[in-house]
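Work through the following exercises with the structure in view, and take each solution one step at a time.

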Number of protein chains: 4
Amino acid sequence: MTKNKLKEVAMRLFGEKGYDGTALSEIAKEVGVKTPAIYFFYENKEDLFMTVFKEAMEFYNLFIQELSEDQAELNAKDSLYRILIRQHHFYQKNPEYSLFVLRYMLFPPSFLKETIEKAFLHSDVLLTKVIEALIVQGIQEGTIREQSVEFLVDAFLNLLDGSCMQYFYYPSTELYERKLNNAFAMYWNGACS
Amino acid sequence: MTKNKLKEVAMRLFGEKGYDGTALSEIAKEVGVKTPAIYFFYENKEDLFMTVFKEAMEFYNLFIQELSEDQAELNAKDSLYRILIRQHHFYQKNPEYSLFVLRYMLFPPSFLKETIEKAFLHSDVLLTKVIEALIVQGIQEGTIREQSVEFLVDAFLNLLDGSCMQYFYYPSTELYERKLNNAFAMYWNGACS
Amino acid sequence: MTKNKLKEVAMRLFGEKGYDGTALSEIAKEVGVKTPAIYFFYENKEDLFMTVFKEAMEFYNLFIQELSEDQAELNAKDSLYRILIRQHHFYQKNPEYSLFVLRYMLFPPSFLKETIEKAFLHSDVLLTKVIEALIVQGIQEGTIREQSVEFLVDAFLNLLDGSCMQYFYYPSTELYERKLNNAFAMYWNGACS
Amino acid sequence: MTKNKLKEVAMRLFGEKGYDGTALSEIAKEVGVKTPAIYFFYENKEDLFMTVFKEAMEFYNLFIQELSEDQAELNAKDSLYRILIRQHHFYQKNPEYSLFVLRYMLFPPSFLKETIEKAFLHSDVLLTKVIEALIVQGIQEGTIREQSVEFLVDAFLNLLDGSCMQYFYYPSTELYERKLNNAFAMYWNGACS
DNA sequence: GATGAATGAGTTTTCATTCAT
DNA sequence: GATGAATGAAAACTCATTCAT
């Protein structure tokens with residue numbers, strides 16, 4: 001129980017204030033326990049962080065895997081759009097996970113650089129495959145104009161990354177959603193014609 | 001002299017390791033001076049950081065302003081593409097500025113949240129105007145199909161943000177450039193047809 | 001069972017790393033038990049230490065008492081030499097006891113100073129008596145020249161102490177044995193002539 | 001100033017209570033300074049300890065070197081006896097140095113084992129040379145009976161070690177001196193005849 | 001007999017900051 | 001301009017100890 005609460009609070013605080021900006025005492029306090037209690041469950045700060053990090057990555061990868069499921073009955077356009085929406089939903093429903101993953105993907109603490117790069121590459125490959133499949137489907141459907149798949153995948157991934165970034169710095173949801181829809185419309189337009 | 005060295009080193013270290021992860025002693029050491037010397041030039045850590053931050057924002061805004069200059073003789077397509085290239089160049093030529101700006105735009109230390117939001121909004125408005133002008137030019141040229149300007153601007157900004165993100169997490173320049181070109185091609189394709 | 005294992009491990013670790021340098025958790029771990037288990041058998045760290053200490057002293061005193069036994073059939077010279085040899089054997093066969101006793105005789109933790117002094121005095125008196133008896137026997141035999149017994153006893157005790165010290169800081173057994181034999185030969189030479 | 005006071009107090013406390021039994025806060029308090037001040041002069045606890053250790057060894061080796069000086073005009077017997085006396089004086093005049101050296105020669109903290117062994121070997125060689133010279137002198141004088149020098153040296157070193165040990169555990173000076181004199185008399189007796 | 005969970009007290013260490021020089 | 005010396009505050013971590021189970 002305490003162990004899990006520690007993980008949750010740690011994820012949130014590490015995500016919000018960074019590794020160095022988060023004191024174990026803060027985490028402990030929010031959980032309602034004294035600092036040394038942390039050491040009963042985790043070896044040290046780094047261990048707590050790594051545990052949280054691994055879980056966040058697993059959760060995030062799970063999300064990516066789920067993107068490819070349940071899309072069989074949809075056409076390519078709806079499926080691709082749905083990915084953007086799901087990404088948005090994921091950010092909204094799991095703000096802690098999202099912030100944490102984004103932060104440490106872009107700015108890993110020095111002791112994590114290598115691990116992060118591997119973890120990120122893994123997610124990237126996973127995601128690329130999902131997009132690829134949908135692009136191919138679209139071409140087969142005849143909705144996407146026949147052209148290089150790589151080309152279409154790259155552009156969609158850029159779209160996703162752009163949306164990710166904008167989600168975190170545009171405060172207003174409406175604004176974000178407008179931009180998202182516009183960007184996707186433009187993408188689809190380019191993909192078809 | 002020392003004052004400027006301090007700023008440079010501080011920008012780099014704050015960008016790489018974060019505000020809390022950077023000790024004043026580290027900055028001082030790299031500059032070749034003892035820690036208390038910092039207090040001769042700056043009130044305290046926050047002051048040093050803010051000074052660096054302001055300069056970084058000014059420099060970044062300068063870059064954005066320059067985007068609109070010297071583009072008179074180019075057509076809209078080349079101008080837009082040139083913006084992406086210049087962004088890339090800016091990141092490559094000023095890695096410390098770039099990393100710093102990205103980091104604190106996405107993850108400002110708590111005492112900076114509001115200031116950052118304002119500063120960012122300012123840059124955003126600036127950039128939007130530049131893009132808008134080029135889009136209008138393109139429509140007038142007849143290269144861009146007549147349609148909502150906002151729509152085209154949003155999509156281009158998304159493209160810029162996506163490229164920003166990818167620059168920082170894709171290690172290889174080649175890969176980054178391929179993705180950038182593909183994404184722009186798709187954008188232009190969508191804009192025209 | 002566990003209680004005894006705790007004692008053994010505690011003796012070894014206290015001997016090797018000192019009272020403050022030995023954590024109860026280490027002792028517990030080596031025994032294969034969790035730390036709180038120690039409190040089932042011993043009141044606290046001090047109690048565990050004292051128990052170990054008392055046993056070590058008893059064991060050591062037993063050794064001293066045994067020195068006087070089974071020597072009836074030997075002449076004085078052989079008996080005295082045998083004491084040195086036995087001391088050596090004791091150190092070799094009971095390295096943990098020896099180290100522990102030596103350490104806390106010379107450097108008792110503050111809460112033990114008085115107890116230790118008494119315990120030590122007791123052993124000293126015991127040992128002195130044993131030596132005295134053998135010296136007297138030697139004089140009666142006529143092998144030791146007639147002279148002050150105290151004088152001969154003091155010199156022999158010094159020999160014993162010197163050997164003790166050297167045992168613990170000379171790494172090589174050969175070297176130690178050579179030195180021991182030479183020192184005893186010199187003693188006997190002085191005692192006879 | 002503070003730096004030296006720290007060294008002095010550290011030597012005394014480390015000698016009395018051991019490395020693990022001595023808190024930096026105690027040392028700081030006795031010096032009249034707050035704990036972090038220590039870190040201005042020494043890297044960490046180990047560094048402070050090592051600094052003290054090196055100085056103690058140098059001082060001790062100096063003492064050993066001085067043993068050989070100014071003895072030219074004395075005969076061998078007086079010179080040897082003087083060594084015992086000087087050892088005694090050294091212990092009395094420099095109780096902190098003596099206790100410290102003895103403690104860490106016999107019970108070095110784990111991180112010091114190797115360093116200590118080397119340092120000790122060095123002192124041992126130094127001392128052996130001094131004694132050897134005097135023994136040879138004694139034989140040349142004709143006061144010491146002609147016999148193996150090694151034999152005489154070993155016995156004298158044993159005498160020194162025994163005296164060292166006894167100094168630290170016999171509380172009374174008188175008792176210690178009686179024992180010392182008796183042991184030396186016996187040694188000389190054996191050496192001559 | 002023994003453990004899981006937790007804590008209070010204390011340790012070493014870091015760091016921003018101050019101030020006299 | 002810059003440093004040596006020092007500190008207050010807080011950090012991470014350790015450890016003996018407790019207690020319910």
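A residue is called buried when its relative accessible area is under 20%, exposed when that area is over 50%, and partly exposed in between. The model examined here is a predicted one.

**Exercise 1.** Decide whether B:Lys7 counts as buried or exposed, and describe its salt bridge with B:Glu55.

Solution. Begin with the accessibility: B:Lys7 has a value of 17%, which is under 20% and therefore counts as buried. Next, turn to the partner, B:Glu55, which is partly exposed because its relative accessible area is 25%. These two side chains meet in a salt bridge, with N and O 2.7 Å apart. Finally, place the pair in the chain: B:Lys7 belongs to helix α1 (residues 2–17) and B:Glu55 to helix α4 (residues 45–68) of chain B, so that distant parts of the chain, 48 residues apart, are linked.

**Exercise 2.** Find which residue of chain A forms a salt bridge with B:Arg178, and state where both partners lie.

Solution. The partner is A:Asp154, and the closest N and O atoms are 2.9 Å apart. The pair crosses between chains, from helix α9 (residues 173–192) of chain B to helix α8 (residues 149–169) of chain A. As for accessibility, B:Arg178 is partly exposed at 30%, whereas A:Asp154 is buried at 2%. To widen the view, A:Glu150, A:Asp154, B:Arg178 and B:Lys179 are linked in a network of salt bridges.

**Exercise 3.** Determine which chains are joined by the salt bridge between D:Lys179 and C:Asp154.

Solution. D:Lys179 lies in helix α9 of chain D and C:Asp154 in helix α8 of chain C, so the pair joins these two chains. Their side chains meet at 3.4 Å, N to O, and both residues are buried.

How values were computed
Residues numbered from 1 in each chain as written. Chains lettered and ligands numbered in written order. Predicted model: local features only at pLDDT ≥ 70, side-chain atom pairs only at ≥ 80, totals over all residues. Heavy atoms only, no water. Salt bridge = Lys/Arg side-chain N within 4 Å of Asp/Glu carboxyl O. Helix = DSSP H or I, 4+ residues; strand = E, 2+ residues; numbered from the N terminus. Buried < 20%, exposed > 50% of the residue type's maximum accessible area, 1.4 Å probe, protein only.
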